[in-house]
Amino acid sequence: MTPTVGDLLSTMVRRCPVTFKPFRIFVVGVGFFSLCFLMTSFGGRFSAKRPGDSPFTVRAEVLGGQESRGVLRKISDTLEVIMKRMDALSKLGNATDNHRLEELSSALDRIQPVGLVERIQAIAQNMSDMAVRVEQILQRSIATNRAKDGAFGQCEIPKDPRYPDCTSKMDWMRARWTSDPCYAFYGVDGSDCSFLIYLSEVEWFCPPLVWRNQTTTPTVKPLARKQAVFQSDIGALLEQVGTGKESLSFMKRRIRRLAAQWVSAARRLDEKLRNRWRDKKKILVHIGFLTEESGDVFSPKVLKGGPLGEMVQWADIVTALHVLGHNVKISVSLKELHGFLGVPPGRGSCPLTGALPFDLIYTDYHGLQQMKQHMGLSLRKHKCHIRVIDTFGTEPAYNHEEYATLHGYRTNWGYWNLHGQQYMTMFPHTPDNSFMGFVAEELNETERLYIQRNKVNNMAVVYGKDASMWKLQDKEKFLAVLNRYMEIHGTVYYETQRPPEVPAFVKNHGLLPQQELQQLLRKAKVFIGFGFPYEGPAPLEAIANGCIFLQPKFKPARSSLNNEFFRGKPTSRKVSSQHPYAEQYIGKPHVITIDFNNSAEFDAAIHDIMKINVEPFLPYEYTCEGMLERLHAYIQNQDFCSPEVPFPPVNSSEALLERFFIREPNSRILSWASSIISFPSWPPLTALRLLTSLQGQSCVEACQSKGLTCEPAFYRFINIKEAFKALGFQCEVVESEMNHLFPAFSTEHGECSLQVDPLLFSCAGSSAKHQRLCPCRDHRDGQVALCKECL
């Protein structure tokens, strides 16, 4: 590239000897007279031609002319010759040439008129000021021309009330289009026309441009539906999982070990569904927490006693999706994510290069944040396709960004404005979310017989692979009590020396491979928890291998309000024990929950355990078949992208709306009058059971008290004033408000409050001043996530 005059002048000044001031002055003088020559060569076209113009107004058409370019080349050539000669002169600055340098300096001093230096310095300063002024005028001229083009040409900003943000987005593009290379990738070049084309055809802030040939845009035709067929070969899946991380190796080992159980379960489910049509989906699984960009703190700890629950769940998710017959792609890096989604080059400000190539995307909070950074506006457009694997759950009050910010529910997670059931949990503790789960290994008859013959009645295994889990106050106190009756075993990781946290009377096996751990559990009578980790898969695996799980009850219950571990998580759920699912859904005799601080209660529990024998037990929802059944139902029925049919129907009379609900015999519970009206819904409305909570009771608790499950998908059908009347409430006032507790009745003021924002329909939450309207449903045996007619 040919250097500009300014580049040459700058280089010349830098190359002048620091101590040889006249040379610097000489260079400035050359630059000044070169500028004068340049202005003269333009034939006075820098001069004012119109009244009011500055003498230095620059005409844009001059700057690119052939004549001016020729003049600039001559000046550049001349200055290049001078610069080479000055390079030679600059070499005189060594010790041997000092004398000649001083003579030359003296000669120059004698030929300079008095005050010449000061004059040239003044001229140079004026030139600098002039250059700034010329630049300002040039920028103003370009802006004026751009505005004229917009006003009188094709690229005038459309005035369309359907696109209220078009003008502000145009202003943003003018100021910031160079902030991300992705804009240039889409053809933006700094002109208003390119801005409008981008904002109307790539983004959607401006209306389609009438002068654009829209027929060239290919019409995206929906692909023909394909039927999903159960798959038994896991070879392709194992290749997709990849290598290079110990976490991935762990997942692959688990997939291989359980392969036969998955295939057998798929065969049983296929028979249950009776060859029913199942749409084959294109699914992306992006495991964000395993990417290097998120830090991936899990992989290095796989062989050192680190947490494995998340990897257990992800291994089971990808296997279930694959076995169900869907087209699954797996990503564990940003590079893979970019390639699968079609992310344009740049910093993530622009939408994807094409339509979303997937029907569903399963990810976690880390992956969701990465997609936000790299998908631009496409995330907003396609977020209905996303499912977030979320161990502890996200309640609607934390998910709704505006509401969370205004009412103190804002955390580092949450606030994504997703539908509550797009979050998928490890256990069914948050009905506002969908229950994803995982699987525990099932025993065959031979294994069951082995357990019956080899159980050791006085053997206990402690839940805790990491030494830090043994750093509990009073642990030695209740372990000493347990040690009087049983031989205690541990599986605590260590490298060279026995962990000091483990008491001497505990037989520590170190970290065991899964098969060896199972053999240990099949012999043990008790699996005992210290209170941490919370809600992991290990207790279910122990119970499935014939152990009794002994765990501490928390008084008071732990939550984000009083516990450091839960603080910042997007839930107010109260955790009553180390494993609430085991306590509530399994219970005695397989699970015993007591106050470990009560020595008498602890001692009595050990005595009871010694007297009873239990069979291995695994809830159906944690079998391979149960997970396949549940995930199949979600994939085929959950749709958060299509607009919902408005309810209540237009022009529905009050009398008709009151007939939607009928009271069950000898009960205050209402059910849906399906004989009067049929309305599309999943779960089907025949499963709806409407009741009211007590004051201070959540809908989760109210439904559970009746043996039912709260179903947030039904809220829109009961969020009408006629539902209050059907339940016997007399509404003195009916109001609508954005509140995660509504619809609800205020007993103090006789107010019936309806919900304004569907994203805030919430089973969680309670108020001492309100009785909440609760939409409950039944559920299948051993499958709380699905109603009896949901399959």
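**Exercise 1. How many aromatic pairs does a search of the whole structure find?** Describe one tilted pair and one edge-to-face pair by their geometry and their places in the chain.

*Solution.* The structure is a predicted model, and a search of the whole of it finds 46 aromatic pairs.

Step 1. W177 and F195 form a pair with 6.5 Å from centre to centre and 55° between the planes, and this pair is tilted. W177 is placed in the loop between α7 (166–176) and α8 (181–185), while F195 belongs to helix α9 (residues 192–202), so that the pair links distant parts of the chain, 18 residues apart. F195 is buried, because its relative accessible area is 0% and buried means under 20%.

Step 2. The ring centres of F532 and F565 are 5.5 Å apart and their planes stand at 75°, so this pair is edge-to-face. Because F532 lies in the loop between β10 (526–529) and α21 (538–544), and F565 in the loop between β11 (548–558) and β12 (575–577), the pair ties together parts that are 33 residues apart in sequence. F532, with a relative accessible area of 32%, is partly exposed, and F565, with 31%, is partly exposed as well.

Step 3. Ring pairs link F532 and F565 into a cluster that also holds F392, Y534, F554 and F566. In addition, K569 lies over the face of F565, at 4.1 Å from the ring centre. A further lysine placed over a ring is K169, whose charged end sits over F205, 4.5 Å from the centre of that ring.

**Exercise 2. Is S331 buried or exposed, and which residues is S331 in contact with, leaving aside its neighbours within four places in sequence?**

*Solution.* Begin with the place of S331 in the chain, which is strand β2 (residues 327–331).

Step 1. S331 has a relative accessible area of 0%, and therefore counts as buried.

Step 2. Leaving aside neighbours within four places in sequence, S331 is in contact with L284, V285, H286, I287, E336, L337 and F340. A polar atom of the S331 side chain lies 3.1 Å from the backbone oxygen of S333.

Step 3. Follow the contact to V285, which, not counting residues up to four places away, also touches W314, V318, L321, V328, K329, I330 and Y362. V285, Y362 and F661 are the residues that touch the most other members of the largest nonpolar core, which has 117 residues. Helix α11 (residues 246–273) gives this core its largest share, eleven residues. A second, separate core of 27 residues includes V502, V526, I594 and A605.

**Exercise 3. Where is K455 placed, and which backbone oxygen does its side chain reach?**

*Solution.* K455 is found in the loop between α18 (445–454) and β7 (459–463).

Step 1. With a relative accessibility of 24%, K455 counts as partly exposed.

Step 2. The side chain of K455 reaches the backbone oxygen of L521 at 3.0 Å. K455 and R522 are 67 residues apart along the chain, yet their C-alpha atoms are separated by 6.6 Å.

Step 3. Beyond four places in sequence, the contacts of K455 include K523, A524, N545, G546 and C547.

**Exercise 4. Over which residues does pLDDT stay under 50?**

*Solution.* The protein chain averages a pLDDT of 84, and 79% of the residues score at least 70.

Step 1. Residues 1–72 stay under 50, and for them the model has 97 contacts beyond four places in sequence.

Step 2. Residues 140–153 also stay under 50, with eleven such contacts in the model.

Notes
Residues numbered from 1 in each chain as written. Predicted model: local features only at pLDDT ≥ 70, side-chain atom pairs only at ≥ 80, totals over all residues. Heavy atoms only, no water. Helix = DSSP H or I, 4+ residues; strand = E, 2+ residues; numbered from the N terminus. Buried < 20%, exposed > 50% of the residue type's maximum accessible area, 1.4 Å probe, protein only. Polar contact = N/O pair within 3.5 Å; in protein donor to acceptor, adjacent residues only side chain to side chain. Contact = heavy atoms within 4.5 Å. Core = buried A, V, L, I, M, F, W, Y, C linked by side-chain atoms within 4.5 Å. pLDDT = per-residue confidence, 0-100. Phe/Tyr/Trp six-rings, centres within 6.5 Å; stacked < 30°, edge-to-face > 60°. Lys NZ or Arg CZ within 6 Å of the ring centre and 35° of its normal.
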